[in-house]
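Me: I would be grateful for a close look at a single part of this structure, followed by an account of how the rest of the chain is arranged. Please take one residue as the point of departure and keep the description tied to the model.

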Amino acid sequence: MEILRKIVEPRLESAVSDIGIDGDFWKNVLAVSREKDQGDLSLPCFPFAKQLGRNPADIAQELADSISGEFEVSAIGGYLNFKAKSDWLAKNVMDIEFNPGERNVLIEHTSANPNGPFHVGRARNAILGDTLVRLNRLYGNEVRAEYYVDDMGKQVGVLAWALQNLSEEQVDEILDDEEGINPKWSGKKDHETVRWYQAAQNLRSKDGSEDIEKAIGELVHASEHGDDAVLAQFEEAYKPVLDGMLETLSRLGIEFDTFTKESKFVVDGSVSALMERLENLEIHGVADNGAHYLDLGQRGLKGKTEFFYRRGDGSSLYATRDIAYHMWKWKQCDDLVNILGEDHKLQAKQVGMTLNELGERTPDVMFYAFIKLPEGKMSTRKGNVVFMDDLLEEAKAHAASVVKELRSDLSEAEVEKIAEAVGVSAVRFNIIKVSPDKGFTFRWEDALSFEGESAPFVMYSHTRACSISRKVGRSPVSNSNGEIGPAMHELLRSMANFPDRLSIAVNENKPHIFALYLLELATAYNSFYRDCHVIIDGEVNEFNYAVSEKARGLLKIGMSGVGIIPLESM
RNA sequence: GGACACGUGGCCCAGCUGGAUAAGGCGGUGGCCUCCUAAGCCACAGAUCGCGGGUUCGAAUCCUGCCGUGUCCGCCA
């Protein structure tokens, strides 16, 4: 609780120095209390004990006796506890502000190969990335959401080759044993075109595919040397697929500001300029066949230490282009954040170390572990994938049935609108509420759970506040005085933590911190709603109303920060 | 084989720059709608924090060994 720290720290400063403690290391020790019954901020006095040769409990007690302010102080078992007073809290929470960020942040996320529809696994990147984008904006930072389009290389090459050489009949024949496209998505290009990709991969895995391999190899080679015609052919192949993918993301509320093509850095010469610079580094080496690498082992990289950035034929590799891309990105922002799957850890390390070697900064990277299915890894080939499009449909249908059961008074159109919002929000929240580094098993029952720790739980609290607001029908009279019981105090306390949690989520790239905070805020509002009625016998309790409205506002902007759609009724 | 993650009640998960009685949710049991939307609220039961060592006044948190799971170790992307 930073607002409390602001008034506690100055008082503590003199008190601490009075008892003979030097320095301000204790400022780091002063932390949010773990036991919230004890206080809001706590200072363990054990570190002082050694320095002073005294009992920690006595030190805490002496400090407690010498400090006073608009907070409660107590000493318990070597801890010095500070607790915000209810009326002080009310006053400060009503006009709470969060230090506006002023960084220019470029967040690159998703950047999935445009070769097929999103499944839930791939979507973890997009949902985490977009949430970080939203939270940064809420924090006040200038943010650019960027999609790096992989428009060259093997994956697109395979797709382009297939579209050029295979007819629809051939594709159907090759994929004979497969299930075929869900009729619901026929006409959606990512679902349709992925069949060509799958058919080509199928052919490539069989004997006698040398000619195909050769043809694809030539395409890829041409693209890597910046061949305009081939790059255009590639774009024609992937563009409709990418559009289909973006349509899915858009339904999730995910939009991008800029798209940058990988080929840009080959075409504009920055990749070859980069390779020349790398050649002059002291850790540079050349393999027998003329391929170039950096020996990152000399800089402390363990395991495989050779990092190849140039093939024997002089062409660049994906990672090389990525380095050029980063150098370009750094010119346009203060902070750089990438969202990457854990499979990219080594690659990111190599890119980061190389950037360092060139005197550039290393970007922040948020890694996430993969989402798997209860049956095991997601695999398009084995058919055990959950497409995001299907998940969203299922979530919406499930939400619709719940709404219909709960609200017989609503029209079909209203049900539809609520169901869509609930479905999308629940899917997003289900993914962002867990720490990105946690392996995640997708379960339908969790994804479709609208109770407990879920988006609808937060949405529901917000609609309750909206309902009250509608009934009162006017803005609250400015009021920060009134009776403050435990539930009210807890809500005020929770609201006061809004800026703290937002700050942690943004500055440490941990969106789940803020997602979990919203649950806490909603829970506090629910208790407030139970104990502190706003409308009693037709009379409005102004203080309660003012607090309710404040909470409604925070819930609303908080929800938008994580991509939950703040409905006013549900 | 090497590198990097992760391992917390039946299930999911927070806490991990060391600090007080390990926080939630699901599921279980029992309560709460004549009262601003019960997608809610309250209570109860349920934890050798993977296992063994070490550092420390203090370890879920740091170090180390082992076990389990995942990812990577391409002149692929």
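Reply: The residue chosen is Lys264, which is placed in helix H12, residues 264-267. The model is a predicted one. Lys264 has 18 C-beta neighbours inside 10 Å and therefore counts as partly exposed. Its C-alpha atom is separated by 8.7 Å from that of Gly226, although the two residues are 38 positions apart along the chain.

The wider setting is chain A, which contains 23 helices and 16 strands. Its C-alpha atoms fill a box of roughly 85 × 65 × 40 Å along the principal axes. Of the 570 residues in chain A, 40% are buried. Among contacts in chain A with a separation of 6 or more, 76% are between residues 24 or more positions apart.

The description now turns to the sheets. Five strands form an open sheet with parallel pairing, in the order S7-S6-S5-S11-S12. Strand S7 (258-261) and strand S12 (364-368) are its edge strands, each pairing on one side only. From one strand to the next, the twist averages 25°. Strand S11, residues 335-341, runs parallel to S12 and is joined to it by five bridges. Asn338 has Val365 in S12 as its bridge partner.

Another open sheet has three strands in the order S8-S9-S10, and here the pairing is antiparallel. The edge positions belong to strand S8 (284-286) and strand S10 (306-310), each of which pairs on one side only. The twist in this sheet averages 35° from one strand to the next. S8 and strand S9, residues 292-295, run antiparallel and are joined by three bridges. Gly285 stands opposite Tyr293 in S9. Helix H13, residues 270-279, lies across S8, S9 and S10 and runs at about 140° to S10.

A hairpin is formed by S3 and S4, with two residues between the strands. In this hairpin, Gly77 takes a positive phi near 50°. Strand S3 (residues 71-76) and strand S4 (residues 79-84) run antiparallel and are joined by six bridges. The two faces of S3 are distinguished by their cover: Phe71, Val73 and Ala75 make up the covered face, whereas Glu72, Ser74 and Ile76 make up the uncovered one. Glu72, on the uncovered face, has Lys83 in S4 as its bridge partner.

Positive phi values also occur at two residues that are not glycines. Ser111 has a positive phi of about 40° and is located in the loop between strand S5 (104-108) and helix H6 (120-139). S5 is itself one of the strands of the five-stranded parallel sheet. Because Ser111 has 21 C-beta neighbours inside 10 Å, Ser111 counts as buried. Asp537 has a positive phi of about 50° and lies in the loop between strand S15 (535-536) and strand S16 (539-540). With 5 C-beta neighbours inside 10 Å, Asp537 counts as exposed.

Helix packing is illustrated by H21 and H22. Two packed helices are described by the angle between their axes and the distance between the axes. Helix H21 (residues 498-507) packs against helix H22 (residues 511-531) at an angle of about 155°, and their axes are 7 Å apart. The angle makes H21 roughly antiparallel to H22. In the contact, Arg501, Leu502, Ile504 and Ala505 of H21 meet Pro511, Ile513, Phe514 and Tyr517 of H22. Seven of the contact residues are nonpolar, none is polar and one is charged.

The last part concerns the RNA. RNA strand B is surrounded by 77 residues, and the closest are Phe46, Gly153, Ala291, Ser435 and Gly452. The surface near RNA strand B divides by class into 33 nonpolar, 24 polar and 20 charged residues.

To return to the point of departure, Lys264 lies in H12, and Lys264 counts as partly exposed. Ser111, by contrast, counts as buried, and Asp537 counts as exposed.

Conventions
Residues numbered from 1 in each chain as written. Chains lettered and ligands numbered in written order. Predicted model: local features only at pLDDT ≥ 70, side-chain atom pairs only at ≥ 80, totals over all residues. Axes fitted to C-alpha atoms, helices over the stretch in contact; angles between N-to-C directions. Helix = DSSP H or I, 4+ residues; strand = E, 2+ residues; numbered from the N terminus. Parallel < 35°, antiparallel > 145°, perpendicular 65-115°, else oblique. Contact = placed C-beta atoms within 7 Å. Nonpolar A, V, L, I, M, F, W, Y, C, P; charged D, E, K, R; others polar. Near = placed C-beta within 6 Å. Pairing = 2+ DSSP bridges. Buried ≥ 20, exposed ≤ 12 C-beta atoms within 10 Å, placed from the backbone.
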